[in-house]
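User: Please take me through this model and, for each label you use, set the value against the definition behind it.

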Amino acid sequence: MSPEASRPRARSGGRRRWFNLHSWVGLKFSLLFFFVSLTGTLAVYAYELDWLFTPALRVQAPESGEGAERQPPGTLLAAALEEYPGWQPSFMYLNLPDYMAAELIAVNEDGERRRIYVNPYTAEVQGHANWYNAHRFLREAHRHLMLPLQWGLTIVTLLSFPLLLSMISAFPIFKRWWRGFFKPPKRREPPRRWWGNLHRWLGLWSLPFILVIGLTGVWYLVEKWGGGAPAAAAELRPLPEANALPRDADTLNRAIERALTPWPDYQLDSLWFPGENQPLILQGQEKALLVRPRANTLVIDPKTGESFGRVHGEQLNLHQRIAEAADPLHFGTFGGQLTRFLWFLFGLMLTTLAASGAWIYTLRLTSGRSHRPRRAGKPKGAPAVPRRTGVVPRSPWRTLWQGQLLPWPQMALILTCLILALVNIGS
């Protein structure tokens, strides 16, 4: 939140120090933070972007009545395997929105990973597409800048500290900050004041979101460097030997139905296929709140439905629950379409905060200020030289660039990410 628009003329030493800290952390990393925030915001609707670019993903959801119910998961899987008999399935997503097909990730005869799309209402195979799509780009760019995970994720998650510090430093700057929630910027204001008021107003409304994103980002950093909780599903390893994955729908459906009969509240989200003569892994949601589908894992024989082990989300310890809650909170998936929309909206606000804070800094240095050329001393007895009243304006973009901390490395990271994305698209 920038104090540019409404800060008092005089500021106490303590508030001045908080203001300088807020300006510094908000400016120095704004280039990289803008990119990470933008890709994360777009990633909220990554599947919808793929829906636009991939015709095979689109489904016309039938109206209520006959044919409106989804086909059983075994029927969808069998249809895909019948259409592409030589392909080896890896995992299948079943719980996509009503206007999207079920998605099976499989490896074809050439060893390439592909996406197979099956209509969830008719079990018709609608085609296949590349593994690398908008969803993969936005996820990998936002998460680790397409770099090796250990280092890319570290760089991205370290941005959580200036984000949280920027939020904390805003409170001492603004007295009675809670009064600003319903004071949006006015239309007729000077640019510098308008941007400052907008920055402050968006920052106020984004406070809960900033706190959630900052804390989950810190958790991801802790998790990557050794502080993560042990995965609950790891207790089910090593996997026992099982029957080979059947290719007919009836057998698959009976096995899954038998396995889920004791768990009537279980909402199946995805199927995982570890390999030949390996059990079928079911993941989904049950009673536990704020957990990923993997927190409710069921390992079964794909032919008989015999259960080899199960993990319940509500049985996890505190450390594991924190780990499982990070993704739903960070991505905004815990409340369905409503929270996804709110996270997208908050993400746009956070991205605007990164840009507007840097722009306010630029306006402060370039509005009403100048660089005057140095004048040489006048020799004794020489005629008076008229005083120059013209000014040499500073370039706003140059000022913004020079205000960054290590601007070239920040730009190099962004360009490297985009180049690697292009390489993946072309491969």
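User: Which residues are in contact with Leu350, leaving aside its neighbours within four places in sequence?

Analyst: With those neighbours left aside, Leu350 is in contact with Phe33, Ser37, Leu163, Phe209 and Ile210, where contact means heavy atoms within 4.5 Å. This is a predicted model, in which local features need pLDDT of at least 70 and side-chain atom pairs count only at pLDDT 80 or more, whereas totals for chains, interfaces and linings use all residues. Residues are numbered from 1 along each chain as its sequence is written, and side-chain values use heavy atoms, with hydrogens and water left out.

User: What makes a set of residues a nonpolar core, and which residues have the most contacts inside the largest one?

Analyst: A nonpolar core is a set of buried Ala, Val, Leu, Ile, Met, Phe, Trp, Tyr and Cys residues joined through side-chain atoms within 4.5 Å. Buried means under 20% relative accessible area, exposed means over 50%, and partly exposed lies in between, with a 1.4 Å probe and protein chains only. The largest nonpolar core has 34 residues, and Leu145 and Leu350 have the most contacts inside it. Two or more of its residues come from each of α2 (30–43), α5 (134–144), α7 (160–173), α8 (191–205), α9 (207–227), α12 (337–366) and α14 (407–426); these names are DSSP runs numbered from the N terminus, helices being H or I with at least four residues and strands E with at least two. Of these elements, α12 gives the most, with six residues. A second, separate core has 29 residues, among them Ala79, Ala80, Val118 and Leu260.

User: Why is α5 described as largely enclosed by the rest of the structure?

Analyst: The description rests on the count of buried residues, because nine of the 11 residues of α5 are buried. They include Phe137, Leu138 and Ala141, but also Arg136, Glu140 and His144. The buried residues of α5 pack against α2, α3 (46–53), β3 (113–118), α6, α11 (318–331) and α14.

User: How do you know that Asn133 caps the N-terminal end of α5?

Analyst: A side-chain oxygen of Asn133 lies 3.3 Å from the backbone nitrogen of His135. A polar contact is a pair of N or O atoms within 3.5 Å; within protein, one must be able to donate a hydrogen and the other to accept it, and residues adjacent in sequence count only if both atoms are side-chain atoms. After α5 comes Leu145, with a positive phi near 55 degrees.

User: Why does Ile155 count as partly exposed, and which residues does Ile155 touch?

Analyst: Ile155, in helix α6 (residues 149–158), has 29% relative accessibility and therefore counts as partly exposed. Not counting residues up to four places away in sequence, Ile155 touches Leu32, Leu145, Leu147 and Leu413. Ile155 and Leu32 are 123 residues apart in sequence, with 9.9 Å from C-alpha to C-alpha.

User: Why is Phe341 called partly exposed, and which residues make the nonpolar surface patch of about 360 Å²?

Analyst: The relative accessible area of Phe341 is 44%, so Phe341 is partly exposed. Phe341 lies in helix α12, and makes the patch with Leu338, Leu342 and Leu345. Residues of a patch have over 30% relative accessible area and no salt bridge; like charges are joined within 9 Å, and nonpolar side chains (Val, Leu, Ile, Met, Phe, Trp, Tyr) within 5 Å. A salt bridge is a side-chain nitrogen of Lys or Arg within 4 Å of a carboxyl oxygen of Asp or Glu.

User: What is the omega of the cis peptide bond that joins Arg237 and Pro238?

Analyst: Omega is about -5 degrees for that bond, and Pro238 is placed in the loop between α9 and α10 (249–260).

Note on methods: Areas by Shrake-Rupley, 256 points an atom, 1.4 Å probe, with all protein chains shown as cover.
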